[in-house]
Each structure stands twice: as structure tokens, then as C-alpha cells.
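This report introduces one structure to a reader who has not met it before. Please keep the sequence and the model at hand while reading.

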Amino acid sequence: MAKRICIDAGHGGSDPGAKNGTYKEKNAALGIAFELGLVLYRGGYEVYFTRTNDTAVSLADRCTISNLAGADLFVSVHLNSSTSASAAGIETYVYRNASATARNVADNVQKKLIEATGSKNRGVKESGFYVLKNTKSPAILVETGFISNTTECKKLFTTDYQRTLAKAIYGGIRQVVK
Ligand SMILES: [Zn+2]
């Protein structure tokens with residue numbers, strides 16, 4: 001039976017997430033989420049989204065969508081931000097008490113992302129993020145780059161780079177969830 005992946009594009013609607021000028025995190029997050037959905041679908045996965053347009057979805061609803069779908073994996077997509085303009089790189093989060101599967105997916109996704117982009121490797125980290133805590137399936141949250149970093153920001157809003165990120169995340173997922 002096909003494995004189910006719930007893709008969670010961070011923020012949306014009245015919540016833009018982090019901003020850099022006219023660039024808003026919510027828009028790149030959705031772009032990456034769509035590209036990820038496409039490669040997962042082509043790879044034979046059943047794909048669910050917590051949002052497919054520019055609307056606000058509560059954190060609780062994001063978890064409910066994934067849990068009701070019976071997802072085998074929850075993947076949240078975000079852009080990072082820092083007060084330091086030079087902060088750069090990619091990091092992947094798991095919950096503090098994450099399962100071995102979640103950690104395995106996170107390790108593989110992080111590795112593939114660094115290989116594919118040559119970005120600075122900020123590693124796999126633990127957090128208490130609501131969506132990581134309240135989803136029943138293994139869950140990861142990917143910070144795909146810094147919107148506050150001019151160079152990374154420009155790339156993050158191109159379809160080509162979003163596709164590169166999506167393929168890398170997919171590559172990491174398929175090594176573990178199959
Ligand atoms: Zn975010």
C-alpha cells in the first residue's frame with residue numbers, strides 16, 4: 001500500500017511568516033511544498049497538504065489534517081530568519097522525543113539537502129514545535145534556508161531552486177519511508 005505523506009507549507013494568509021522586503025516566507029514554503037508533492041506523487045506516494053493556497057491554517061488544524069489522513073510522515077516546510085544578515089544554511093528539526101524513524105528521515109533529508117545545494121550544514125536539531133509534538137506520525141520540519149540572507153533569499157524564491165530542494169527532501173524520505 002502506498003505510504004501517505006502530509007506536506008505542511010508553513011504560515012499562510014494573514015500570517016506571512018518571516019519577511020525580507022516584499023519576499024514572504026509563506027509563498028516560498030508553498031512553492032516548495034507543491035514541488036515536493038509533485039515528486040512524491042510521481043514516486044508513488046499518497047500526498048496530502050495542510051494548505052494548497054494562501055490561507056491561514058491553525059497549528060492544531062495542520063495536525064488534525066495529518067492525523068485524519070493517517071499520514072505515515074509529516075513534513076513541514078519553512079524558511080529561516082535571523083537578525084544577522086550573514087546567517088545561512090539548512091537545518092532540519094525533529095521533536096525532542098522523536099521516534100527513530102523521524103530521526104532517520106531527518107538525517108537523510110538533511111544530508112540530501114546539503115549534497116544538492118552545497119548550503120552550510122546546520123544539522124538536525126530538536127525542538128518542541130507544536131506540529132512536531134502533536135502529529136501522530138513521525139514528523140520533521142525543514143528550514144530550507146534564510147530569507148534574511150540576500151543570496152539565499154533570491155534563490156529560495158526561484159522555481160528551479162524550489163525544485164532542487166523538493167527533489168532532495170524526496171530523496172531523503174524515500175530512503176526511509178517505503
Ligand atoms: Zn516559518
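H11 is placed in the loop between β1 and β2 (19-20); helices (H or I, at least four residues) and strands (E, at least two) are DSSP runs, numbered from the N terminus. H11 has a positive phi of about 65°, although it is not a glycine. H11 is also buried, with 22 other C-beta atoms within 10 Å. A residue is called buried if 20 or more other C-beta atoms lie within 10 Å of its own, exposed if 12 or fewer, and partly exposed in between, with C-beta atoms placed from the backbone.

The model is a predicted one, in which local features need pLDDT of at least 70 and side-chain atom pairs count only at pLDDT 80 or more, while totals for chains, interfaces and linings use all residues. Residues are numbered from 1 along each chain as its sequence is written.

**The sheet**

Six strands form an open sheet in the order β4-β1-β5-β8-β6-β7, with mixed pairing. Strands β4 (46-49) and β7 (121-127) stand at the edges with a single partner strand each, so one side of each is left without a neighbour in the sheet. From one strand to the next, the twist averages 20°. Two strands count as paired if DSSP finds at least two bridges between them. Angles run from 0 to 180 degrees between N-to-C directions, and axes are lines fitted to C-alpha atoms, for helices over the stretch in contact.

Strand β1 is mostly covered, since five of its six residues are buried. β1 and β4 run parallel and are joined by four bridges; here C6 stands opposite Y48 in β4. β1 also pairs with β5 in the parallel sense, over five bridges, and the bridge partner of A9 in β5 is V77.

Strand β6 (residues 90-95) pairs with β7 in the parallel sense over six bridges. I90 stands opposite N121 in β7, and Y95 stands opposite S127 in β7. β6 is mostly covered, with six of its six residues buried. I90, T92 and V94 point one way from the strand, E91, Y93 and Y95 point the other way, and all are buried.

Helix α1 (residues 25-42) packs on the sheet, touching β1 (4-9), β4, β5 (73-80) and β8 (139-146). The direction of α1 makes about 145° with that of β5. Two residues are in contact if their C-beta atoms, placed from the backbone, lie within 7 Å.

**The core and two residues of β6**

The largest nonpolar core has 52 residues, and those with the most contacts inside it are I5, I7, A33, V75, V94, I140 and I169. Such a core is a set of buried Ala, Val, Leu, Ile, Met, Phe, Trp, Tyr and Cys residues joined through C-beta atoms within 7 Å. Leaving aside residues up to four places away in sequence, V94 touches A102, R103, A106, V124, E126, L132 and I140. With the same exclusion of residues up to four places away, Y95 touches E126, L132, K133 and A139.

**Two helices that cross**

The axes of helix α3 (residues 100-117) and helix α6 (residues 159-174) come within 7 Å and cross at roughly 145°. The crossing of α3 past α6 is right-handed: the near helix is turned clockwise from the far one by less than a right angle, whereas anticlockwise would be left-handed. V105, N108, V109, K111, K112, L113, A116 and T117 in α3 meet T164, L165, K167, A168, I169, G171, G172 and I173 in α6. The residues of this contact divide into eight nonpolar, five polar and three charged. Ala, Val, Leu, Ile, Met, Phe, Trp, Tyr, Cys and Pro count as nonpolar, Asp, Glu, Lys and Arg as charged, and the others, Gly among them, as polar.

**Three residues in different surroundings**

Y95 lies in strand β6, D107 in helix α3, and S58 in the loop between β4 and α2 (59-69). The table sets out their surroundings and one C-alpha separation for each.

| Residue | Burial | Other C-beta atoms within 10 Å | C-alpha separation | Places apart in sequence |
|---|---|---|---|---|
| Y95 | buried | 22 C-beta atoms | 6.1 Å to K133 | 38 residues |
| D107 | partly exposed | 18 C-beta atoms | 14 Å to L73 | 34 residues |
| S58 | exposed | 11 C-beta atoms | 9.6 Å to G12 | 46 residues |
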